[in-house]
Amino acid sequence: MLNLERLRTLDAVARHGSVSGAADGLHVTTSAVSQQLSKLEREVGQQLLAKNGRGVRLTDAGLLLAEHAARILSQVQMAQADIEAQRGQVVGEVRVAAFPTAARGLFPAALAALREGHPELRVRTTELEPEQGVRAVLRGDADLALVLDWSNKRAPVPGGLERAHLLDDSADVALPAGHPLAGREAVDLEDFADEEWVSWPEGEFCHDWLMFTLRSQGIEPRIGHLAGEHHTQLALVAAGLGVCVTPRLGRPVPDGVVFVPVRQKVRRHIYATWRADAGRRPSVRAVVAALRAAAEPLGS
């Protein structure tokens with residue numbers, strides 16, 4: 001009989017494309033992955049991996065077994081969800097991914113409430129950007145992810161996923177304290193047509209949103225610096241190296257920076273998303289409820 005954990009290891013290699021990627025996804029060492037695959041090869045009597053340059057690839061037999069493994073693991077997951085739903089108990093483990101500001105702004109209150117209300121539930125968290133979080137949920141590496149879109153640039157929900165709205169998060173323009181517009185009650189984005197901007201890294205949804213938003217206002221953005229963390233963005237602003245758009249959730253407040261609201265509200269929408277077949281799990285529903293409660297006083 002095939003060993004379920006070894007099938008899970010093969011499935012991880014197929015999804016991540018490498019032994020090291022599978023090890024990261026499974027939170028084990030690369031040697032542990034290699035050992036599991038070697039045992040699986042002995043069980044089936046066929047080679048499942050072949051060298052491919054400096055990495056590996058699945059053989060035809062490996063690809064065939066990986067397809068079966070994905071279906072088997074999906075059925076096991078559905079069975080676990082049904083059993084948990086039938087018991088009606090909030091127990092076990094839930095893996096939650098969130099982008100940094102959501103993790104900073106929502107996790108402390110939500111996780112503390114879950115620990116008090118459901119002591120037999122273990123919540124394991126990690127920080128991932130929204131696109132990565134969605135992929136982790138689709139791959140089965142996370143049970144739940146916190147994601148976002150913007151009021152003027154919506155993000156589609158991939159098939160097989162469900163989501164729940166948590167809050168609307170307003171954003172302001174962050175200026176150096178000595179900036180001529182720092183004393184304004186409100187500003188328009190057009191006021192910064194000649195400014196250098198600090199943005200998120202290229203390819204990220206928020207960077208694409210900023211480019212789209214500024215260009216829709218007739219501004220060709222001058223991007224001076226790229227930084228993924230708001231702490232870094234605001235440090236650059238404090239040094240007089242540009243301006244940036246900064247949402248309020250989980251926002252640090254460094255010296256030398258002034259936040260001015262945008263006259264035409266700029267908001268991002270924050271959601272929890274999960275696989276549709278996991279929605280029956282009381283533990284997933286409990287985590288979503290705790291996140292909603294943590295978000296309720298923060299919406300703007």
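# Salt bridges and packing in a predicted chain

Asp11 and Arg15 pair up in a salt bridge, with their closest N and O atoms 2.7 Å apart. For that label, a side-chain nitrogen of Lys or Arg has to sit within 4 Å of a carboxyl oxygen of Asp or Glu. Both partners belong to helix H1, and since they are four residues apart there, about one helical turn separates them.

Before going on, a word on the ground rules. The model is predicted, so local features need pLDDT of at least 70 and side-chain atom pairs count only at pLDDT 80 or more, while totals for chains, interfaces and linings use all residues. Residues are numbered from 1 along each chain as its sequence is written, and side-chain values use heavy atoms, with hydrogens and water left out.

## The chain as a whole

How confident is the predictor? pLDDT, its confidence in each residue on a scale from 0 to 100, averages 88 over the chain, and 97% of the residues reach 70 or more. Among the elements, helix H4 (residues 60-87) comes out lowest with a mean of 78, and strand S7 comes out highest with 96.

There are nine helices and 10 strands to look through. These are DSSP runs numbered from the N terminus: H or I of at least four residues for helices, E of at least two for strands. The C-alpha trace spans about 75 × 50 × 30 Å along its principal axes. Of the 300 residues, 45% count as buried; that means under 20% relative accessible area, with exposed being over 50% and partly exposed in between (1.4 Å probe, protein chains only). Contacts, meaning heavy atoms within 4.5 Å, often reach far along the sequence: of those between residues at least 6 apart, 74% join residues at least 24 apart.

## The N-terminal end

An unreviewed UniProt entry places the feature "domain: HTH lysR-type" at residues 2-59. Such annotations may be inferred rather than shown by experiment; the positions follow the numbering used here, and feature names are shortened. Over this stretch the chain is 62% helix and 14% strand, with the end C-alpha atoms 18 Å apart.

Helix H2 (residues 19-26) lies within these positions, and its buried residues are Val19, Gly21, Ala22, Ala23 and Gly25. What do they pack against? Their neighbours are H1, H3, strand S1 (49-52) and strand S2 (55-58). Just past H2 comes His27, with a positive phi of about 60°.

A second salt bridge joins Arg6 to Glu43, this time with the closest N and O atoms 2.3 Å apart. Here the link spans distant parts of the chain: Arg6 sits in H1 (residues 4-16) and Glu43 in H3 (residues 30-44), 37 residues apart.

## Asp172 and the far end

Asp172 is in strand S6 (residues 161-176), and its side chain meets that of Arg251 in a salt bridge of 3.0 Å, N to O. This is another link between distant parts of the chain, as Arg251 lies in the loop between strand S9 (244-247) and strand S10 (257-275), 79 residues from Asp172 in S6. Elsewhere, Arg95, Asp143, Arg275 and Arg281 make up one network through salt bridges that share partners. The whole count of salt bridges comes to 18.

Leaving aside residues up to four places away in sequence, Asp172 also touches a set of residues including Cys244, Thr246, Phe259 and Val262.

Here is how exposed some of these charged partners are:

| Residue | Relative accessible area | Class |
|---|---|---|
| Asp172 | 3% | buried |
| Asp11 | 9% | buried |
| Arg6 | 17% | buried |
| Arg15 | 27% | partly exposed |
| Glu43 | 35% | partly exposed |

## Helix H7

H7 (residues 205-216) makes a handy geometry check. Its expected span is 1.5 Å times one less than its number of residues, so its 12 residues should cover 16 Å, and the end C-alpha atoms are indeed 16 Å apart. Which residues of H7 are buried? They are Phe205, Cys206, His207, Trp209, Leu210, Met211, Thr213 and Leu214. This buried set packs against helix H6 (130-139), strands S5 (144-150), S7 (196-199) and S8 (222-226), plus S9 and S10. After H7 comes Gly218, which has a positive phi near 80°.

Methods
pLDDT = per-residue confidence, 0-100.
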